[in-house]
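Subject: A structure for you to look at

Hello,

I am handing over the structure we talked about, and I hope you enjoy looking through it. Please have a first look below, and then read on for what was found.

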Amino acid sequence: RGAVVLGVGEVAATIAQGLLLAHAIAIGVLGLDDRPLPTLLGLAAAVLVRMALQATAETTGRTAGRTAVAVLRERAVAAALRRAAERDDGPRSGAVAAQWVHGADAVASYAGRYLPATVIAGIAPVLVIATVAVVDPLSAGLLAFAAPIVVVFLILVGYRAQDAAEQRQAGLALLGGHLLDVLRGLPTLRAFGRERVQAEQVRKAGEHYRVGTMATLREAFLSAFVLEFVAMLGTALVAVACGIRLAQGHMEFGPAIAALVLAPEVFLPLRRLGSEFHASADAEPLLRELADAAAEPSGDAAAHPVADAPDPRAADLTLDAAVVRHPDRRAATFDGLDLRFAAGATTALVGPSGSGKTTILRLLLALQSPTAGAVRCGDVDLATVDPRAWHAGVAWIPQHPALLPDTLAANVRFGRDADDDAVRDALAAVGLGPLLRALPRGLDTPLGDVDLPLSAGERRRLAIARALLRDPRLVVVDEPTANLDSVTAESIVAVLERLVAGRTAVIATHDPLPLRLADRVVDLGEILDQTAVTA
């Protein structure tokens, strides 16, 4: 809104500049007995005001663009996480990263420059033509005839450019997602001699992106040529008409110069709109994709959270006739599953891959709602509980804990404020005290592959320290000992023993080692077999 107001002010300054410039030229050419100093000072003031407004509008637009990028990235990540939680085939992280990192410039240009330019392009030509009409009605009529032609060409070329931009954006998503998948699986591909095949696939994805990029550039050059050509013809039309009338003595010099100076300003906002459209063409496919993702039906979307979050340490967690279906699968993951997790006890989920352990963890975490049936804590259906209130009492320890690009202390404090002494106690409790003492910067040590790379075992210890600091009511753990050596796995289980003590805990595992923590072991493979026999 601020950029639009500043843009309209810039148009007013431009009109004043054009009129003063025409008057100054008329004084110089005709040798009028007039004092030129006030005209020249006014012209200089109009130029300075126009430059100041233009610079301020540019700064305001950039700020609005950065704000829009931040908001949209947050919504995009939230939509991607929700889709990943509700479906096993959620968006690939490589595709999401490629779109919303590379597309950030396009979104910033769209929000900070294209949208204001759209409004200004509708206002500025009208103001300029109205001013020209006061000076010379015939020239204003010619401009009023030529300006809509530019708009028509702008729309026609814009449709073609949009198709090319969508093709380019699809190629970028394909290339980014496929490249990340290949890099993650490169050791396996090399082990089986398949790296050359994947290299060819990456080359094809890159070629698809190149073709889309070249198509976008062609459309951009074509539209720029059309806009410049039509704008030149419109200005030339006014110039020819003014020249003929001047030669015939039917028009004064001053109005003719004013009409000629202001004529290009009718088309300038439209030309700017065309250039900003191409600069932000990649934004619209991203915005449509985000809107589609936000509009997808979700189990949580139909819920109306009203109840306070219950305490899973005081009431059993139960799955009551839970049905979980995915839109792209014929068979349900669960079809009427009844399962109880005793309050204050540790339950281990075992079973073959694909038996639904991860789906149950998502249900308990309230990241996914059952298609039918309910997930309850005591008598309270989790669908009626505010997810944020429920998550505040839950500690989630995934197989691959995420680390923030921040300090060691910030990673442990994630989700809860705590002083340094509490952070040190949590790290000491999980066996990371020696590591902390060995770090020159202590808790202020930044984490990351370059600063302080952590092993898989250290990452899981840090995740457990994070959970201890939260003092959760419910602990949910996924494969705590996967891909660890026996010594490290033993130490992780020992640390987990302290975390789950006195709390309700659910541990999904293939490894028998964590089963010693369990008060009850649930074999999902047997449950599904019995369900199939009953059916």
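To begin with the surface, the accessible area of the protein comes to about 26900 Å², and 60% of that belongs to carbon and sulfur atoms. Please keep in mind that this is a predicted model. The protein has 535 residues, of which 44% count as buried. It contains 17 helices and nine strands. Among the contacts with a separation of 6 or more, 79% are between residues 24 or more positions apart.

**The sheet**

A good place to start is an open sheet of four strands, in the order β2-β1-β4-β5, with antiparallel pairing. At its edges stand β2 (334–341) and β5 (380–381); each has a single partner strand, so one side of each is left without a neighbour in the sheet. Strand β1 (residues 317–324) runs antiparallel to β2 and is joined to it by six bridges. If you want a pair to look for there, A322 stands opposite L337 in β2.

Strand β1 also holds A321. This residue has a positive phi of about 50 degrees although it is not a glycine. With a relative accessible area of 37%, A321 is partly exposed.

**Helix α10 and the loop after it**

How many of the eight residues of α10 are buried? The count is seven, so helix α10 (residues 357–364) is mostly covered. The buried ones are K357, T359, I360, L361, R362, L363 and L364, a list in which you will find lysine and arginine as well as leucine.

Just after α10 comes A366, with a positive phi of about 60 degrees. A366 is another residue other than glycine with a positive phi, and its place is the loop between α10 and β4 (372–377). A366 counts as buried, because its relative accessibility of 14% is under the 20% cut-off.

**The nonpolar cores**

In soluble globular proteins, nonpolar side chains tend to be buried together. The largest nonpolar core here has 35 residues, and those that touch the most other members are I397, L408, V412, L427, I464, L496 and L499. Several elements give two or more residues to this core: β6 (394–397), α12 (408–413), α13 (420–429), α15 (456–470), β7 (474–478), α16 (486–500) and β8 (504–508).

I464 makes a handy starting point for exploring this core. Apart from its neighbours within four places in sequence, I464 is in contact with I397, V430, I492, V495, L496 and L499. There is also a second, separate core of 32 residues, which includes V132, A147, L154 and L270.

**Two sides of α13**

Helix α13 deserves a look of its own. Its buried residues are V423, A426 and L427. They cover an arc of only 95 degrees around the axis, which puts them on the same side of α13. An α-helix has 3.6 residues a turn, so residues three or four places apart point the same way. On the other side of α13, D421 and D425 are exposed.

What covers the buried residues of α13? The cover includes α12, α14 (433–438) and α15. Just after α13, G431 takes a positive phi of about 85 degrees.

**A buried arginine, and the cysteines**

Is R50 buried or exposed? R50 counts as buried, because its relative accessibility is 15% and the cut-off is 20%. You will find R50 in helix α2 (residues 36–86). Leaving aside neighbours within four places in sequence, R50 is in contact with E10, A13, T14, Q17, E265, L268 and R272.

Finally, a word on the cysteines. A disulfide is a covalent bond between the sulfur atoms of two cysteines. The structure holds zero disulfides. Two of the cysteines to look at are C242, buried at 1% relative accessibility, and C377, which is buried with a relative accessible area of 1%.

If you would like a short route through the model, begin at A322 and L337 in the sheet, go on to I464 and its contacts in the core, and end at R50 in α2.

Best wishes

Methods: Residues numbered from 1 in each chain as written. Predicted model: local features only at pLDDT ≥ 70, side-chain atom pairs only at ≥ 80, totals over all residues. Heavy atoms only, no water. Buried < 20%, exposed > 50% of the residue type's maximum accessible area, 1.4 Å probe, protein only. Contact = heavy atoms within 4.5 Å. Areas by Shrake-Rupley, 256 points an atom, 1.4 Å probe, with all protein chains shown as cover. Pairing = 2+ DSSP bridges. Disulfide = S-S within 2.5 Å. Core = buried A, V, L, I, M, F, W, Y, C linked by side-chain atoms within 4.5 Å. Arc of directions from axis to C-beta.
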